[in-house]
Amino acid sequence: MSGTVTGELRPGVVDVHAHWLPADLFALPPGSPLPALRDSDGELHLGDLPLTIPTAAMSDLDQVARETDAAGLGSRVLSAPPFAFGVVDAPGAGDYADAFNDALVGACRDSGGRFAGLGLVDLHDADRADRQVAALRRTGVVHGIAVPPLVGATTLDAGPLAGVLAAAARHDVAVLVHPMQLPRPEWGSYYLANLVGNPTETGTAVAATLLGGVVERHPGLRICFVHGGGCAPALLGRWRHGWEQRAEVRGSARPPHDGFRDLWFDTLTHDPAALRLLLEQADRSHLLCGSDHPFDMGTPKPVDAPVAAGLDPALLEDNARRFLGLDPRKAGTHA
């Protein structure tokens, strides 16, 4: 893909939730519980499972660039698909993260301002993760990291991910939390591992973040939960009641509905009523455009729904720039 080397994004709405993985990393991290990605006649498969998307849409930067323009976006923030999270502590998992980060930096620097990035870190070596975050911070084009909502039996308030969030806060970078579609027996049909599992994983991580005092420990941490926060907006009232009634819920001195306004969310809800609820619960200055490109559960026109809900394109751009730690005064103008 041709383009001028730059760290500055093009004017226009920024899609903070888009995936990219170069084909030479389709094998996934060592120890991955998932089969390798592979191309089959131009269609992307996860092992034998067809993902119903063209392989080029995930791996070819020229194709991603064309689809970015067709979506009416100024730029996209590329992160690895959740299959690429190194959730198993296996030799070489940290090296896989480094390889992805090197490729991502190159892709963003040569994009003419069309792409920025969120990198990967070693989820099992806190010192290495800290070094990786610091190195990404210095690139000027990769502005944070993408992480799963849980590693093993722990989520964002404890265990390995708590250390990763501490590193992100220490180096002042953005964090995108993306679910992994983890299987459970009762979700074995009707694509429920995605339709129910993804919003449940995200809702669990939001709850742990709020009730576990993560925001209090790291004031100013810019952490975004995709898919409109999953089921969290609909459960916030229940969490508030539990926080008021039960001592074990109060791992945070702040009520959950208060801390919720410190979190960031994309607007990919697939439902105007769900998006209206998110707008009622969240801070509008923390709402971001997200497409989930190129997955079939994403949307090719990610700006339409938030604008229909009353979020101005200029606000969406400004919000994304602040989330990424960029100067909002450099945001582009909109008609």
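**Close-up views of salt bridges**

**View 1. Arg 10, Asp 69 and Arg 114 join up in a network of salt bridges.** Keep in mind as you look that this is a predicted model. Side chains of opposite charge can pair when their charged atoms come close. In this network, take the pair formed by Asp 69 and Arg 114: their closest N and O atoms are 3.0 Å apart. This pair links distant parts of the chain, 45 residues apart. Asp 69 belongs to helix α2 (residues 61-70), while Arg 114 sits in the loop between α3 (93-109) and β6 (115-119). Asp 69 is partly exposed, at 38% relative accessible area, whereas Arg 114 is buried, at 14%.

**View 2. Asp 130 and Arg 170 meet through their side chains in a salt bridge.** Here the N to O distance is 2.6 Å. Asp 130 lies in helix α4 (residues 126-139) and Arg 170 in helix α5 (residues 160-171), so this pair ties together parts of the chain 40 residues apart in sequence. Is each partner buried or exposed? Asp 130 is buried, because its relative accessible area of 19% falls under the 20% cut-off. Arg 170 is exposed, with a relative accessibility of 54%.

**View 3. Glu 248 forms a salt bridge with Arg 246.** The closest N and O atoms of Glu 248 and Arg 246 are 2.7 Å apart. Glu 248 counts as exposed, at 57% relative accessibility, and Arg 246 as partly exposed, at 47%.

**Whole structure. How many salt bridges does a search of the whole structure find?** The search finds 15 salt bridges, among them the Asp 69 and Arg 114 pair from View 1.

Notes:
Residues are numbered from 1 along each chain as its sequence is written. This is a predicted model: local features need pLDDT of at least 70, side-chain atom pairs count only at pLDDT 80 or more; totals for chains, interfaces and linings use all residues. Side-chain values use heavy atoms; hydrogens and water are left out. A salt bridge is a side-chain nitrogen of Lys or Arg within 4 Å of a carboxyl oxygen of Asp or Glu. Helices (H or I, at least four residues) and strands (E, at least two) are DSSP runs, numbered from the N terminus. Buried means under 20% relative accessible area, exposed over 50%, partly exposed in between (1.4 Å probe, protein chains only).
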